[in-house]
Amino acid sequence: MEVTSIKNGIVFDHIKAGQAMKLYEILNLDKLKCQVAIIKNAQSKRMGKKDVLKINDSIDIDLDVIGYFDPEITVNVIRDGILEKRARLELPKTVTNVIKCKNPRCITSVEQNLPHIFKLTNAENKIYRCIYCESKAK
């Protein structure tokens, strides 16, 4: 199978095998009008198998969302067929409106327009807590 390179766009590489569709849904890529390629179970020397997502257009992506989803993903920005930028991600210190607080007593349950903000409290175990009620993200 051959998937050609893109001229301008973004390539998400080193996605854990089987996770590309989940990332596709989280980033709402179905709403894009451009081509999006999902490559599942590609051979990888480093990972054994991996998924890859290619977006054939230059769009704004919230890297914190991707870092929260999986900080091991590599983000490659392609311009005129050349790698312009490679971003290695890490767990973001805070995430806003990525996770929803499940605590029914949290202020975010009552105040509908209040942003859901979670703070990284334990990087080793990837634990985020709501800044309002301290509930752990699920």
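This tour of a predicted model goes through one sheet and then a set of cysteines.

**The sheet**

Start by selecting residues 94–96, which form strand β6, and residues 127–130, which form β8. Add residues 117–122, strand β7. Together these make an open sheet of 3 strands in the order β6-β7-β8, and the pairing is antiparallel. β6 and β8 are the edge strands, each pairing on one side only. Turn the view to follow the twist: from one strand to the next, the average is 35 degrees.

Now keep β7 and β8 on screen. The two run antiparallel and are joined by 4 bridges. To find one of these pairings, select L120 and look across to β8, where the bridge partner is Y128.

**The cysteines**

Next, show the cysteine side chains. How many disulfides does the whole structure hold? A search finds 0.

Select C101 and C133. The sulfur of C133 is the closest cysteine sulfur to that of C101, at 3.6 Å. A disulfide here would need the two sulfur atoms within 2.5 Å, so the C101 sulfur is too far from that of C133 for a bond. C101 has a relative accessibility of 10% and therefore counts as buried.

Move on to C130 and C106. C130 is in no disulfide either, and the nearest cysteine sulfur, in C106, lies 3.7 Å away. Is C130 buried or exposed? With 1% relative accessibility, C130 counts as buried. To finish, display residues 127–130 again: this is edge strand β8.

Conventions
Residues are numbered from 1 along each chain as its sequence is written. This is a predicted model: local features need pLDDT of at least 70, side-chain atom pairs count only at pLDDT 80 or more; totals for chains, interfaces and linings use all residues. Side-chain values use heavy atoms; hydrogens and water are left out. Two strands pair if DSSP finds at least two bridges between them. Axes are lines fitted to C-alpha atoms, for helices over the stretch in contact, and angles run from 0 to 180 degrees between N-to-C directions. Buried means under 20% relative accessible area, exposed over 50%, partly exposed in between (1.4 Å probe, protein chains only).
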